[in-house]
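This report covers a protein and its RNA partner. It moves from individual side chains to a sheet and then to the RNA surface.

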Amino acid sequence: MRLSRYFLPTLKENPAEAQIVSHRLMLRAGLIRQQTAGIYSWLPLGHRVLSNIARIVREEQDAAGCQELLMPTLQPAELWKESGRYDDYGKEMLRIIDRHERELLYGPTNEEMVTDIFRASVRSYRDLPMTLYHIQWKFRDEVRPRFGVMRGREFLMKDAYSFDLDAAGARRSYNRMFVAYLRTFARLGLKAIPMRADSGPIGGDLSHEFVILAETGESQVFVHRELVERDILGEALDYESDLQPIVDSWTTLYAATDEKHDPIAFGALADGDRLEARGIEVGHIFHFGTTYSKPMDVSVQGPDGKPVHPEMGSYGIGVSRLVGAIIEASHDEAGIIWPESVAPFRVGLINLKPGDAAADALAGEIYAALREAGTEVLYDDRDERAGVKFADMDLIGLPWQVIVGPRGAKEGRAEIKRRRGGERHELDKAAILERLLA
RNA sequence: CGGGGCGUAGCGCAGCCUGGUAGCGCGACUGGUUUGGGACCAGUAGGUCGUCGGUUCGAAUCCGGCCGCCCCGACCA
């Protein structure tokens, strides 16, 4: 993509409404624009990031055996009256009346709807276990939206719902999702720590929040250092196997948000193992048993011919929130530093002097070669001063920069710079391509 | 929902107290000079001063209603 033709409205100054760093950078880097309180448009660059995150979430859900579907944003109120939540949910639920005076609502979550879909078509225990998910916009009419996309009213969320025959099956589904979440956040370049959360009406230990570590996080967290150092992606994984040992290995080490913090237990850890940090919640998994399957009268026929209410769980990831959360966890004074997996482009190619024959030729060749190799590259071919291009490129945070100047170009050389850390090398074209395409 | 703040050009702000017909920086556009870290000179365009009403000869400015946005708290993926 040529930057001269790309819609990338960057801002030199901080918009007054943005207080936290991710919000400021998202506005300045041309990722989003606010439409009204807590509701944002995603500009091309931001949309690419959002799509990349959704793609990774989807890949890991599929790998864990979940099936994607897509439920609507608008839901009939009847479903929520069935479960009893229509009155319970309060003003956070956006209620809508259509032309026929039918009551609708903009879904804040989809337990009722997925349960309705399930009960309409699933009859036998043989169809279980089943986990369905979708990635869809949700709306919660927060009294006070803030922090940009981290706490918007409209937000993109992955929500999954598991159906199992019994509690043991539900635990297996829960464990699969637990591990899938660890992998998902790791692939997004984040350190995510599962933390015990309030358990549901059933009690038990099947509720965890996934909190990523970021210096500017909103809440204080206390964790065993080993949890931060583990590399889940480097571990072999078979979703068909018993995952309980893996889950246990994560849940037995100390990890708590400040509400759940137990200073005595934490204090008992060795000095070097105690880690206090700031965190942002980006996911929540939750077993809730038959909370919906009973009142909504869902059952499948069991092996003995008798009806069974399925055990259910739900599992959320805040996809749009993650864009902000990743920035909170990965930025510097100059701007965003995208992890490679979610970067809107992998390479930013700067031609310092468009119009210079040697620079144009070399930059053009590198651009073509990268594109041919399938690498996403944003080519800054604008007629701007060097400083502007450097500043913009640092701001938008692409992982690699290739800088072609007239002097080096004459000798066939350009500079390659890693955004994270700023390390740079002047190399010839072949060496640059080799580094980027290795 | 309680408390506080703010709405003036695309962005950041001054002007308001003490009414007299709107200004600065950045950005945009044109021309020229520049050219490896947000250049310089000259020129141009761009504002129903959130909105409705009141006071006044005259309102961005004073008074009132409404709308919107931000911050702190309570609440939350």
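## Buried polar side chains

A polar contact is a pair of N or O atoms within 3.5 Å; within protein, one must be able to donate a hydrogen and the other to accept it, and residues adjacent in sequence count only if both atoms are side-chain atoms. Such a contact, 2.8 Å long, joins the side chains of Lys138 and Asp159. The model is predicted: local features need pLDDT of at least 70, side-chain atom pairs count only at pLDDT 80 or more, and totals for chains, interfaces and linings use all residues. Residues are numbered from 1 along each chain as its sequence is written, chains are lettered from A and ligands numbered from 1 in the order in which they are written, and side-chain values use heavy atoms, with hydrogens and water left out.

Lys138 lies in strand β7 (residues 130–139). Strands (E, at least two residues) and helices (H or I, at least four) are DSSP runs, numbered from the N terminus. Is Lys138 buried or exposed? Lys138 counts as buried because its relative accessibility is 1%. Buried means under 20% relative accessible area, exposed over 50%, and partly exposed in between (1.4 Å probe, protein chains only). Leaving out residues up to four places away in sequence, Lys138 touches a set of residues including Tyr106, Pro108, Arg153, Phe155 and Asp159. Contact here means heavy atoms within 4.5 Å.

Ser314 sits in strand β16 (residues 311–318). Ser314 is buried too, with a relative accessible area of 10%. Its side chain makes a polar contact of 3.2 Å with that of Glu111. Not counting residues up to four places away in sequence, Ser314 touches Glu111, Ala160, Tyr161, His284, Ile285, Phe286 and Phe288.

## A buried valine in a loop

Val342 belongs to the loop between β18 (335–336) and β19 (347–351). With 0% relative accessibility, Val342 counts as buried. Which residues does Val342 contact, leaving aside its neighbours within four places in sequence? They are Val49, Asn52, Ile53, Ile56, Leu188 and Ile326. Glu365 is 23 residues away from Val342 in sequence, and their C-alpha atoms are 26 Å apart.

## A three-stranded sheet

An open sheet of 3 strands runs in the order β4-β6-β5, with antiparallel pairing. Its edge strands, β4 (74–76) and β5 (94–97), each pair on one side only. Neighbouring strands are turned by 35° against each other on average, direction ignored. Axes for that angle are lines fitted to C-alpha atoms, for helices over the stretch in contact; angles run from 0 to 180 degrees between N-to-C directions.

β5 and β6 (residues 103–106) pair over 4 bridges. Pairing requires at least two bridges found by DSSP between two strands. Arg95 has Leu105 in β6 as its bridge partner.

## The surface near RNA strand B

RNA strand B is surrounded by 36 residues; the closest are Thr36, Arg144, Glu281, Asp394 and Arg424. Sugar and phosphate make up 42% of the strand's atoms that come within 4 Å of the protein. A residue is near the strand if one of its heavy atoms lies within 4 Å of it. The surface has 11 nonpolar, 7 polar and 18 charged residues. Ala, Val, Leu, Ile, Met, Phe, Trp, Tyr, Cys and Pro count as nonpolar, Asp, Glu, Lys and Arg as charged, and the others, Gly among them, as polar.

Which element gives the most to this surface? α12 does, with 7 residues. β1 (32–36), β13 (274–289), α12 (386–396) and β22 (413–418) each supply at least two residues.

Some atom pairs show the detail. A polar side-chain atom of Asp392 lies 3.3 Å from a base nitrogen of RNA strand B. A side-chain N or O atom of Gln34 is 3.3 Å from a sugar or linking oxygen of the strand. For Glu17, a backbone N or O atom lies 3.4 Å from a sugar or linking oxygen of RNA strand B.
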